[in-house]
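User: I'd like to go through this structure feature by feature. Can you show me how to read each one?

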Amino acid sequence: MPTASIDTFFGCALVVSVALLATGFFAGTMQTRVDSLQNTNQNAYLASLAEHIVTSRGTPDDWGSNSGLAPSAFGLAKNGSSIPYEVDVDKISRLSSQNEYALSYSDVSRAARLGGIALSVSVSPLFDVNVELIGNDIVGDDTVYSFEVSTSLASSVTVHLQCYALAEGFMISVSSETSRNGIGHVEVELPNNLSGPAVLVVFARASMDDRMTSFTVYSFAHLSREPSPNNTFLSLSALNHVLTDEAKAEDVTVECGYFLSYSFQSNLTSLSKNTYTIPSVLDNSPAILVVVGTNGTTHFSEWVSYPQLPDHFGANLGNSEASMFNYVVTIDGALYKLGLSFGEIPK
Amino acid sequence: MRLINDRKGNVRVVEALLASLLLLSSLTLIPVAQKHSDTPAETLALTATQVLLSLNGDGHLSSLIDLRDWEAIRSCVQSCFPLSVWFNLTVFDENMACLNPVSISTGSLICENTASVDTVIASVNSTFSVYVVRLQVGRLG
């Protein structure tokens, strides 16, 4: 074979391979662009869906407070509200799996017309409150418990703390605030003639806006063994300003209940054997309902918040690609974080 | 004669190489596709608008502007965003004159993916002052 033919063969092979490479690269580039456009469209679609869920009331308007009703159209907005992004306390409560009247995922999926798109909902206070028991000391007839309270807000923000300690039928309230390093100290005294599980309910309110009120509940032992986890003896459901308790054991006896918020406290008024009225108060604060009782000879204190916040409702999107939309919403005058996550749109 | 043919072959190889280089260099002219961002600017803008509307839901934000309490405004906005979000807020009057003499932000901008929204809010006091609030947000990292 002449040398010229070999040269031409190599030359042509080079040109063809380069042309193939260029075509492949161009096709890849175009495919990425098309995918990017599809992602943009998908994101816009899901953003509209999230906005609709947060700003529409659903059908019927009062599906949240009507415990026997599942909505035909899903929306969380409060009926008749003039505040932007105000959601209904009962609609949120019905997303909590702890609530007796909770909606199922299929109810929500059907009512929201998700069409196979996975949905996850989470609601939490605007900021976190952390409590740590740092010591206790017996002084006379009382035991003094010292707690350290911190929040996830910037340390420059002064946070006012309103705390309630409950043990058996005894309750004491204490006020405090965080210092410049963002940490507050609280001391509560419990009488030594009581013994059993105790709870410390902490409300934290940011100084610049009273709607920024968060809470946490800390269980500790008062001259007794470690308390059982919450919801061991009772199933508590808060809906339509009524608290319902359901005993989980035969020997459970409920003694009394308390309504606690940042500015108010009161005893719960019994409506029937296992239902109580939740008072309506003008306080931009979540409410904590504490029920005290006995299981045989063992005392317990169990609690539920109102709104009954769903840590996580719906699909678990932990290990898959999801589009997240976060909102700051108002529930009964207080601000909360509401997160909506959607899975991928089925192809 | 054979030597001349060999040289012609070398020249063709050089031509082919040059043509290849020309084609390869033309590939650099093709713009690189935009990488899809996890938090597109539209989502950031939506969140920023929503936060401003919620903060001013009961007229609280406009009250803080009336009081010229820029530190409280910064704390309020900061509390509504996660730490991974950068923001810069500017308050204008109805003539678009800047009212805040200090920066209301979480520091210098160190992210590329940003969005900016303007919202008009009215004071709830008797003067009904009108403010234009510009909130720029970006996701860090």
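**Reading the features**

Analyst: Let's begin with a helix, and keep in mind that this is a predicted model. α2(B) is 15 residues long and covers 21 Å from its first C-alpha to its last, close to the 21 Å expected at 1.5 Å a residue.

User: Which residues of α2(B) are buried?

Analyst: The buried ones are Thr43(B), Leu44(B), Leu46(B), Thr47(B), Ala48(B), Gln50(B), Val51(B), Leu52(B), Ser54(B) and Leu55(B).

User: And how many of the residues of helix α4 in chain B are buried?

Analyst: α4(B), residues 70–80, is mostly covered, with 9 of its 11 residues buried. They are Ala72(B), Ile73(B), Arg74(B), Ser75(B), Cys76(B), Val77(B), Gln78(B), Ser79(B) and Cys80(B).

User: What do the buried residues of α4(B) pack against?

Analyst: Elements of both chains. From chain A there are β7 and β18 (323–331), and from chain B there are α2 (41–55), α3 (60–66), β1 (85–92) and β2 (104–105).

User: Let me step back to chain B as a whole. What pattern does it follow along the sequence?

Analyst: It reads α-α-α-α-β-β-β-β, with 4 helices and 4 strands. Of its 141 residues, 28% count as buried. For contacts in chain B between residues at least 6 apart in sequence, 66% join residues at least 24 apart.

User: How many residues of each chain are in contact with the other chain?

Analyst: In general, the size of an interface is often given as the accessible area lost when the parts come together. Here we can count residues instead: 43 of chain A are in contact with 35 of chain B. On the chain A side, α1 (3–55) and β18 each supply at least two residues, and α1(A) gives the largest share, 21 residues. Sorted by class, that side of chain A has 27 nonpolar, 11 polar and 5 charged residues.

User: Now the core. Which residues have the most contacts inside the largest nonpolar core?

Analyst: The general idea is that in soluble globular proteins, nonpolar side chains tend to be buried together. In this model the largest nonpolar core holds 107 residues, and those with the most contacts inside it are Val54(A), Leu200(A), Val201(A), Val202(A), Leu289(A) and Val290(A). Strand β7 of chain A (residues 196–206) contributes the largest share of that core, 8 residues.

User: What is Val201(A) in contact with, leaving aside its neighbours within four places in sequence?

Analyst: The partners are Cys163(A), Tyr164(A), Phe215(A), Val217(A), Leu260(A), Ile288(A) and Val290(A).

User: How about sheets? What is the order of the open sheet of 4 strands in chain A?

Analyst: Generally, strands of a sheet pair through backbone hydrogen bonds, either parallel or antiparallel. Here the order is β9-β10-β14-β13, and the pairing is antiparallel. β9 (234–239) and β13 (269–272) of chain A sit at the edges with a single partner strand each, so one side of each has no neighbour in the sheet. On average, neighbouring strands are turned by 30 degrees against each other, direction ignored.

User: How many bridges join β10 to β14 in chain A?

Analyst: 3 bridges link β10 (residues 242–247) with β14 (residues 275–277), and the two run antiparallel. To find your place in that pair, look at Thr244(A), which stands opposite Thr275(A) in β14(A).

User: Next, the backbone. Where are the cis peptide bonds from Thr59(A) to Pro60(A) and between Tyr306(A) and Pro307(A)?

Analyst: Read omega, then locate the proline. From Thr59(A) to Pro60(A) omega is near -5 degrees, and Pro60(A) is in the loop between α1 and α2 (89–93) of chain A. Between Tyr306(A) and Pro307(A) omega is about 10 degrees, and Pro307(A) falls in the loop between β16 and β17 (313–314) of chain A.

User: And phi: is Tyr85(A), with its positive value, buried or exposed?

Analyst: Tyr85(A), a residue other than glycine, has phi near 55 degrees and lies in the loop between α1 and α2 of chain A. It is buried, because 22 other C-beta atoms lie within 10 Å, and the cut-off for buried is 20 or more. Asn231(A) also has a positive phi, about 70 degrees, although it is not a glycine. Asn231(A) is in the loop between β8 (213–222) and β9 of chain A, and with 13 C-beta neighbours inside 10 Å it counts as partly exposed.

How values were computed. Residues numbered from 1 in each chain as written. Chains lettered and ligands numbered in written order. Predicted model: local features only at pLDDT ≥ 70, side-chain atom pairs only at ≥ 80, totals over all residues. Core = buried A, V, L, I, M, F, W, Y, C linked by C-beta atoms within 7 Å. Buried ≥ 20, exposed ≤ 12 C-beta atoms within 10 Å, placed from the backbone. Contact = placed C-beta atoms within 7 Å. Nonpolar A, V, L, I, M, F, W, Y, C, P; charged D, E, K, R; others polar. Expected span 1.5 Å × (residues − 1). Pairing = 2+ DSSP bridges. Axes fitted to C-alpha atoms, helices over the stretch in contact; angles between N-to-C directions.
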